[in-house]
Amino acid sequence: MFCEHKMISWLAVVVFICYINRGLIFAYTLQDEQTLHSALLTGYNTGLRPGIDRTIPLTLNMTFLLFSIKEFDMSTGEFSVTGVFVLNWIDERLSWNPASYNQTNTTVISQSQLWLPNLINVNPFEDITGLRHDELSIIVDYTGLCTWFAIETFESVCYTDVTKYPFDTQVCSIKFYVWGYSYKDIDSTFVSSKVLLTLYTENGIWEVHDSATYTQMNIYNDKEIIVELTLERRTSYYIVSLILPLVFITFLTSFVFLLPQDSGERLGFSLTVLLSVVVYLTIIQDILPEASEPHVSILGIFLSIFVVMGSLVVIVVIINQRIQNQCSQKTVPKFINRLIFFVRRKDKDMVEPLGSKIEIDYRDEDNVLTWSEAANDLDLIFFIVSQVVFCILGICYFLSVLT
């Protein structure tokens, strides 16, 4: 028992000594790192790209991490995100033997003192900018591997497709060039084919449905570095505040024909509904971009149709009011008389439930209706026709935006 306890004690001492020695081995000092920086940066030319063999292109490995969507203004096309480009490359001039500097394996050097790939945003919303910020630094390890975390707010122009607004999906991209170098000098490649969303903060309006990171050659034989985001609009807010009110407003339009002729509110009711649709059309026009080709908003088209339909309803209400007030000595024209009796025969089952409002008379079509009877029957005809038309338009809209 005593021997076993003694052996455990010796093992503890050995582990402690090894731990102390390990700490001493890797405990490099400020002087060690300062000496390393002096050795690395003496004679270093920031204007020359890395690579001993100049016939072999420098491999530039890239990864893009998205932090947040800062702004997406559809009316102007401004699209901005906050993210970080992680870039890796080998610079042989920055390699060293760790044993010569008290086991200093890595160091951090200001980016202004080293060569950097000059990535330029070539589809900016305003000014063309690069990724250079003097306050950023580069992590360098003893093999010469340089790691640059270029964090920035990236702005670009996004050409929107508003055809299915507010059930739309937008594809926005940010394009870069390594300015001053051809693909024969620098071989840019993405480590991951997707944008990394591990640090992403969700946006209240847009959901990142898909993403892609890739390079491609353009018509000038230059390699483009592209970060692409597929954004899907969150539609709950728009359904509650836009779509449902529009559905109910347009549904109410035809009910003006069920108001009594002598109520005096028919014209005011129809005008109020028409103005409500016009207000919504104005709101949509303020949100959507002014450019209309080649993508025109289906919602804007249908709202314009509803405005036309609402205007026709107002005109019909005025004409029907005039029919109601016609002198009883004048006879109802034969074509109106025949139309009403035709509808009565064809739509008997539809007219009977409204008999409390409309006097139903299935007389022969040669009999003459009064102007009051003609106005009441025309009200029913226009009510049914307008309801059918609005329902068909609504179904067509939802089929066009949801398929």
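This is a chat about the cysteines and one sheet of a predicted model.

Biologist: How many disulfides does a search of the whole structure find?
Modeller: The search finds 1 disulfide, a term for a pair of cysteine sulfur atoms within 2.5 Å. The model is predicted, and local features need pLDDT of at least 70, side-chain atom pairs count only at pLDDT 80 or more, while totals for chains, interfaces and linings use all residues. Residues are numbered from 1 along each chain as its sequence is written, and side-chain values use heavy atoms, with hydrogens and water left out.

Biologist: Which cysteines does the disulfide join?
Modeller: C158 is joined to C172, with an S to S distance of 1.9 Å. The pair links distant parts of the chain, 14 residues apart, with C158 in the loop between β6 (145–157) and β7 (169–178) and C172 in strand β7; strands here are DSSP runs of E, at least two residues, numbered from the N terminus.

Biologist: Why is the disulfide called left-handed?
Modeller: Because the torsion about the S-S bond of C158 and C172 is about -80°.

Biologist: And is C391 buried or exposed?
Modeller: C391 counts as partly exposed at 41% relative accessibility, given that buried means under 20% relative accessible area, exposed over 50%, and partly exposed in between (1.4 Å probe, protein chains only). C146 is buried, at 1%.

Biologist: Switching to the sheet, what is the order of its strands?
Modeller: The 4 strands form an open, antiparallel sheet in the order β4-β7-β10-β9, where two strands pair if DSSP finds at least two bridges between them. The edge strands, each pairing on one side only, are β4 (119–121) and β9 (206–217).
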